[in-house]
Amino acid sequence: MNSKLIIFSATALLAVAVALNFFFRSPERLHLLLGPPPVPGSRDRLHAAKIVVVPAAHGPESLAFDSNGRGPYAGVADGRILRWDGDGRGWSEFAVTTSQRKECVRPFAPEMEHVCGRPLGLKFHKKTDELYIADAYLGLKVVGPDGGLATELVSEVEGRPLRFTNDLDIDDDNDVIYFTDTSTTFQRRTDLNPRSHREEQTSLPPVLGPGLGAGFGQFLVSILNGDKTGRLLKYNISSKEVTVLVEGLSFANGVALSKDRSFVLVAETSGCRIRRLWLQGPNAGKVDVFAELPGFPDNIRRNHKGEFWVALHSKKGPLSRFAVFNAWAGKTMLRLPFSFQQLHSLLIGGKAHATAIKLSEEGSVLDVLEDCDGKIMKFPSEVEEKDGKLWIGSVLTPFIGIYDLE
Ligand SMILES: *[C@@H]1O[C@H](CO)[C@@H](O)[C@H](O)[C@H]1NC(C)=O
């Protein structure tokens, strides 16, 4: 791009920023301007979900059930993994991913995340009932059925540390773990430029919980930079060997194997799509696009029928579409004096909402469930179907949701 065009673009964006400041004063106004278009076939139902609060904790991102059906287990923002034993007994502490927990604060301290750990992907091995954990900072870990301190399995690949381990799925028969490293460049925790640290001053209503800034901006930084260094990896439990399967992914996130293990899916959050790596058959080794999505996918979970539930962090509005597919615009947005909350609000189109999409084994949309106005559910990170219910986690709320499928 030549320098005139850069100056012109920067000026135009600055003008847009000034105009947006006006819109920032009301999420309704912002939504009118930047709200995402409705998703065809969507059913506005998720506000009927029952809430289970996670006391003194925040952001139950990934949920898992053990082979006895106990749970869900949930990784929270202060680095602990908790287990829920029903309304009566509530939550108890199950495991941690590091012993360095002296200064770990509940519900959380974003600046301590890299020390306390941030368990994102959780999955039990069906045969051993060990819990495998993708910790954003501490890599791939495992803990036995009694919990406690998790053991490290993988913290580097090809001599370089994992930067942002995010999700995993297990092939229980072949003892192989498929997992993602979101980016080789960006960690979950990165600082925006100092001018932008203006959380307290923002007039924006708290779509995000309080104090999310430093723990969350990195997600935006990576997305707005157009980072494409995400990877899908494979860990062989018996040989302890790690293999890179796919590179060059745009914010590699959720992972799910197909029921027959013929392929593995990986969500590209900033690419707004799901890629499929064929593991068996004539296309083995090939990667294709499994589904294009109307928003930013987080975790993917397979149900008993072999269908996939995809949680969308948010739908994509006109601005996020533009910024994500034009890296220069995204980078410019990062240089403007927006706070994390303002940037997030711009990208999600003003208003919190929740969207879950069910895909067939072939990748076609079977169902779209939403809480369009974010009345109860917001920013889902995972949707797990079990016993006729959807169990819904979120990286940004202090609760999980349980929705009865009709
Ligand atoms: C895992 O490693 C073992 C031992 O090297 C090997 O026999 C096995 O085939 C590997 N499994 C997979 C699925 O790659």
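A residue counts as buried when its relative accessible area is under 20%, as exposed when that value is over 50%, and as partly exposed in between. By this measure F379, with a relative accessible area of 1%, is buried in this predicted model. The place of F379 is in the loop between β25 (365-371) and β26 (380-386), and its backbone deserves a second look, since its phi is positive, at about 45°, although F379 is not a glycine. As background, most residues other than glycine have a negative phi, and most peptide bonds are trans.

A second residue of this kind is D175, a non-glycine residue whose phi is positive and near 55°. D175 belongs to the loop between β14 (165-171) and β15 (176-181), and with a relative accessibility of 27% it counts as partly exposed, whereas F379 is buried. The peptide bonds of the model also include cis cases. One of them joins G71 and P72, with omega at about 5°, and P72 lies in the loop between β3 and β4 (73-75). Another cis bond runs from R106 to P107, where omega is near -5°; P107 is found in the loop between β6 and α4 (113-116).

The strands that flank P72 lead on to a sheet. β3, β4, β5, β6 and β10 form, in that order, an open sheet of five strands with mixed pairing. Its edges are taken by β3 (63-64) and β10 (148-149), each of which has a single partner strand, so that one side of each is left without a neighbour in the sheet. Further in, β5 and strand β6 (residues 91-96) run antiparallel and are joined by five bridges; along this pairing R80 stands opposite V96 in β6, and I81 stands opposite A95 in β6. On to the edge strand, β6 and β10 run parallel and are joined by two bridges, with G148 in β10 as the bridge partner of A95. A95 thus appears in both pairings, opposite I81 of β5 and as the partner of G148 in β10.

R80 itself merits a closer view. This arginine is found in strand β5 (residues 80-84), and because its relative accessibility is 6%, R80 counts as buried. Its side chain makes a polar contact of 2.9 Å with the side chain of D78, and a further polar contact, of 3.5 Å, joins the side chains of R80 and E93. When residues up to four places away in sequence are not counted, R80 touches A56, A57, A74, G75, E93, A95, V96, R101, R106 and P119. This list takes in R106, the residue from which the cis peptide bond to P107 starts.

Another buried polar residue is N253, found in strand β18 (residues 252-257), which counts as buried because its relative accessibility is 4%. The side chain of N253 makes a polar contact of 3.3 Å with the side chain of D298. Leaving aside neighbours within four places in sequence, N253 is in contact with N166, D167, T180, V266, A267, T269, P297, D298 and N299.

Two helices add to the picture of what is covered. G330 has its place in helix α7 (residues 327-335) and is buried, with a relative accessible area of 0%; apart from neighbours within four places in sequence, G330 is in contact with L224 and A323. Helix α8 (residues 340-348) is mostly covered, with nine of its nine residues buried, among them F340, H344 and I348. After α8 comes G349, whose phi is positive and near 80°.

Finally, the model holds a ligand, which is surrounded by V176, K234, N236, S238 and S239. These shell residues divide into one nonpolar, three polar and one charged. A polar side-chain atom of N236 lies 2.3 Å from an oxygen atom of the ligand, and an oxygen atom of the ligand is 3.4 Å from an N or O atom in the side chain of S239. Of the 360 Å² of accessible area that the ligand has on its own, the protein covers 42%.

Notes. Residues are numbered from 1 along each chain as its sequence is written. This is a predicted model: local features need pLDDT of at least 70, side-chain atom pairs count only at pLDDT 80 or more; totals for chains, interfaces and linings use all residues. Side-chain values use heavy atoms; hydrogens and water are left out. A residue is near a molecule or strand if one of its heavy atoms lies within 4 Å of it. A polar contact is a pair of N or O atoms within 3.5 Å; within protein, one must be able to donate a hydrogen and the other to accept it, and residues adjacent in sequence count only if both atoms are side-chain atoms. Accessible areas come from the Shrake-Rupley method with a 1.4 Å probe; for residues, only the protein chains shown count as cover. Ala, Val, Leu, Ile, Met, Phe, Trp, Tyr, Cys and Pro count as nonpolar, Asp, Glu, Lys and Arg as charged, and the others, Gly among them, as polar. Helices (H or I, at least four residues) and strands (E, at least two) are DSSP runs, numbered from the N terminus. Buried means under 20% relative accessible area, exposed over 50%, partly exposed in between (1.4 Å probe, protein chains only). Contact means heavy atoms within 4.5 Å. Two strands pair if DSSP finds at least two bridges between them.
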